[in-house]
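Q: Please take a close look at one part of this model. I would like the strand pairing, the burial and any unusual backbone angles in one connected account.

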Amino acid sequence: MILDVIVEDKKKRLIGQKKQVSEEQMRNLALNCGRKSISFYEALSKKGLSIIGEFKKASPSMGKIAMTMELTDRIDEYNESVDAISCLTEEDHFSGSVDYFRKIRKISPLPMIRKDFIIDSYQIYEAKVIGADCILLIAAILSDEQMKEYYELASELGMDVLVETHDEEEMERALKIAPKIVGVNNRNLKDFTISLENTKRLRPMVPEGTVFVSESGVTSEEDIRFLKKCKVDALLIGGAFMLSEHPKRLAENWKELYDED
């Protein structure tokens, strides 16, 4: 399964990264980081639809993505239309890097989430160092103990956490740590099939007051209407924005559509 391959590749990557910057060094850098995080939670919890605009150069499902505009132009459009930014930092399967994250951090005032396959506290310390306001924890690749430990560590470092689930069992596990933000990935990370029914099915499990994010697979106005009925608080949109020559216009149109009576 592709998810298992991604995790194994991430473990190998971490060995090399820790040789360059040790875990103790990364931890010290994080603890001495003077930057105050921007609230990812507040950006998503306000009235109306919030949108997380994603930057990625590739994915296992899409392959290499042809860039429709320069990074700075894209982020300028995001800055004017979305509420938060997601940046992929996974190297082997999404062509991401912390360098892209740092570049975006310098030109955007929006809260940013480091989107990666986090399996080690080292990555959480690094997220703080590169300027992340939020991290992604994927229930499918973490034990209950790891989820709790990593959630608490991120919180101690002043970052928010988006806990990602795919089915009822993962949602039950995620809710044990009472996350402020919980997401449902409409893409099955084991075979990469997409179904917005994931969001509809799991929505009733999420308690009131928890920000609910629908991730992946949003490509049309029909999808927006469907997810409006599901009463999502926010959408994480990657492929549709990356393929669009006018992501700002697309974001504005979808927000207007969602907010229509």
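A: Start with a buried charge. In this predicted model, Glu 164 is buried but makes no salt bridge. Its nearest side chain of opposite charge is Lys 115, 5.3 Å away. The salt-bridge cut-off is 4 Å, so Lys 115 does not qualify at 5.3 Å. Glu 164 does have a polar partner: its side chain and that of Asn 185 are joined by a polar contact of 3.2 Å. As for location, Glu 164 belongs to strand E7, residues 160–165.

Asn 185 leads on to the next strand. Strand E8 covers residues 181–185. E8 pairs with E9 in the parallel sense, and the pairing runs over 5 bridges. Within it, Val 184 stands opposite Ser 214 of E9.

Now E9 itself, residues 211–215. This strand is mostly covered, with 5 of its 5 residues buried. Its side chains split between two directions. Val 211, Val 213 and Glu 215 point one way. Phe 212 and Ser 214 point the other way. Both sets are buried.

E9 also pairs with E10, residues 234–237. This pairing is parallel too, over 3 bridges. Ser 214 takes part here as well: its bridge partner in E10 is Leu 235. Between the two strands, the chain leaves E9, passes through helix H10 (residues 221–229) and arrives at E10. This β-α-β crossover is right-handed.

The last stretch of that path holds a backbone feature. Lys 231 sits in the loop between H10 and E10. Its phi is positive, about 60°, although Lys 231 is not a glycine. Lys 231 counts as exposed because its relative accessibility is 60%, and the cut-off for exposed is over 50%.

A second residue has a positive phi. Ser 95 is not a glycine either, and its phi is near 50°. Ser 95 lies in the loop between strand E4 (84–88) and helix H5 (98–107). Its relative accessibility is 37%, so Ser 95 counts as partly exposed.

To draw the threads together: E9 has E8 as a parallel partner and E10 as another. Ser 214 of E9 stands opposite Val 184 and is bridged to Leu 235. Ser 214 is buried, whereas Lys 231, in the loop that leads from H10 to E10, is exposed. Glu 164 in E7 is buried without a salt bridge, but has its polar contact with Asn 185.

How values were computed. Residues are numbered from 1 along each chain as its sequence is written. This is a predicted model: local features need pLDDT of at least 70, side-chain atom pairs count only at pLDDT 80 or more; totals for chains, interfaces and linings use all residues. Side-chain values use heavy atoms; hydrogens and water are left out. Buried means under 20% relative accessible area, exposed over 50%, partly exposed in between (1.4 Å probe, protein chains only). Helices (H or I, at least four residues) and strands (E, at least two) are DSSP runs, numbered from the N terminus. Two strands pair if DSSP finds at least two bridges between them. A crossover is right-handed if, with the strands pointing away from the viewer, the path from the first strand over the helix to the second runs clockwise. Lys and Arg count as positive and Asp and Glu as negative; His and the chain ends are not counted. A polar contact is a pair of N or O atoms within 3.5 Å; within protein, one must be able to donate a hydrogen and the other to accept it, and residues adjacent in sequence count only if both atoms are side-chain atoms.
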